[in-house]
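Please open the model in your viewer and keep the selection panel at hand. The stops below say what to select next and what is to be found there.

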Amino acid sequence: KIIKTYECKHLYTEYEGHSMYEVQINENDTSTIEYMINSSISSKEMNNNESAKCPKCNINSKYSTKTFFMEIPKFLIVLLKRYRYNRNIEQIVKENKEIESGTYDRKSHNFIIKVNDTHYRLMSTVLHKGPLPNQGHYISMIKKNEYYYQINDHKVEKIDNIKTSPMHKSGDSYILMYEKC
């Protein structure tokens, strides 16, 4: 991420060497993971109300950011930030907005997204059923060969209709793993 401040004209770079790419869920965003990732990897002018301290001169300033991948990863692991602190009710709340994990390709039986110019196929999803990150139940859904499976504790079930399953679109999807096509 490259950050440019306005008043002091300093330019600095933040390197985030995470193995997981975090995406904030916003009520106004289109509900596809492809749109959310691509819109977060872009240049942004911050709102008039937003400012930050420049790490070089400590002046509070308006700023702009440019986020990009330095290297296109073979595996793209996405963490959907579904939980936020609501100041009005003074507690953490879950964003239950349904997010579509990709476009289904009948030929390959994959859910595909395009990030910049790179295509990825969905390999697995972790769903979280519950109101808080430390309360509830986690369920995994994976693709193995041409079939999809749901893993719920010790129970493994083959998914018959993947297009209507939570792997395709869910308000509980939490972590999604994609592989470069």
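Which residues do ring pairs link into a cluster? Select Y83, Y138 and Y174, which ring pairs join into a cluster; rings of Phe, Tyr and Trp (its six-membered ring) count as a pair if their centres lie within 6.5 Å. A search of the whole structure finds four aromatic pairs.

Before the next selection, note that this is a predicted model, in which local features need pLDDT of at least 70 and side-chain atom pairs count only at pLDDT 80 or more, whereas totals for chains, interfaces and linings use all residues. Residues are numbered from 1 along each chain as its sequence is written, and side-chain values use heavy atoms, with hydrogens and water left out.

**The whole chain**

Colour the protein by secondary structure, and one helix and 19 strands appear, where helices (H or I, at least four residues) and strands (E, at least two) are DSSP runs numbered from the N terminus. Taken along the principal axes, the C-alpha atoms fill a box of roughly 60 × 40 × 25 Å. Of the 181 residues, 35% are buried; buried means under 20% relative accessible area, exposed over 50%, and partly exposed in between, with a 1.4 Å probe and protein chains only. Among contacts (heavy atoms within 4.5 Å) with a separation of 6 or more, 62% are between residues 24 or more positions apart. The protein exposes about 11500 Å², of which carbon and sulfur atoms supply 46%, the areas coming from the Shrake-Rupley method with a 1.4 Å probe.

**The nonpolar core**

Next select I33, I37, L76, V78, L80, I113 and Y178, which touch the most other members of the 25-residue largest nonpolar core; such a core is a set of buried Ala, Val, Leu, Ile, Met, Phe, Trp, Tyr and Cys residues joined through side-chain atoms within 4.5 Å. At least two core residues come from each of β3 (20–24), α1 (33–40), β8 (75–81), β13 (110–115), β14 (118–132), β15 (135–144) and β19 (173–180). In soluble globular proteins, nonpolar side chains tend to be buried together. Centre the view on L80 and, leaving aside residues up to four places away in sequence, its contacts are V23, I25, I33, M36, I99, S173, Y174 and L176.

Then move to T125 in strand β14, which counts as buried because its relative accessibility is 1%. With residues up to four places away in sequence again not counted, T125 touches I139, S140, M141, M167, S173, I175 and L176.

**Salt bridges**

Which side chain meets that of E22 in a salt bridge? Select K81 together with E22: the N to O distance is 3.7 Å, and a salt bridge here is a side-chain nitrogen of Lys or Arg within 4 Å of a carboxyl oxygen of Asp or Glu. This pair links distant parts of the chain, with E22 in strand β3 and K81 in strand β8, 59 residues apart. Both ends are partly exposed, E22 at 45% relative accessibility and K81 at 33%.

R121 and E179 form another salt bridge, at 3.6 Å from N to O, and connect strand β14 with strand β19 across 58 residues of sequence. Here R121 is partly exposed, at 24%, whereas E179 counts as buried, at 16%.

Now select D172 and K129, whose side chains meet at 3.1 Å, N to O. D172 lies in the loop between β18 (169–170) and β19 and K129 in strand β14, so this salt bridge ties together parts that are 43 residues apart in sequence. Add K94 to the selection to show a network of salt bridges that links K94, K129 and D172.

**Loops with positive phi**

Most residues other than glycine have a negative phi. Go to H109, in the loop between β12 (103–105) and β13, where phi is near 60 degrees, a positive value in a residue other than glycine. Then go to N116, in the loop between β13 and β14, with a positive phi near 55 degrees. H109 is partly exposed, with a relative accessible area of 30%, and N116 also counts as partly exposed, at 40%.

How values were computed:
Phe/Tyr/Trp six-rings, centres within 6.5 Å; stacked < 30°, edge-to-face > 60°.
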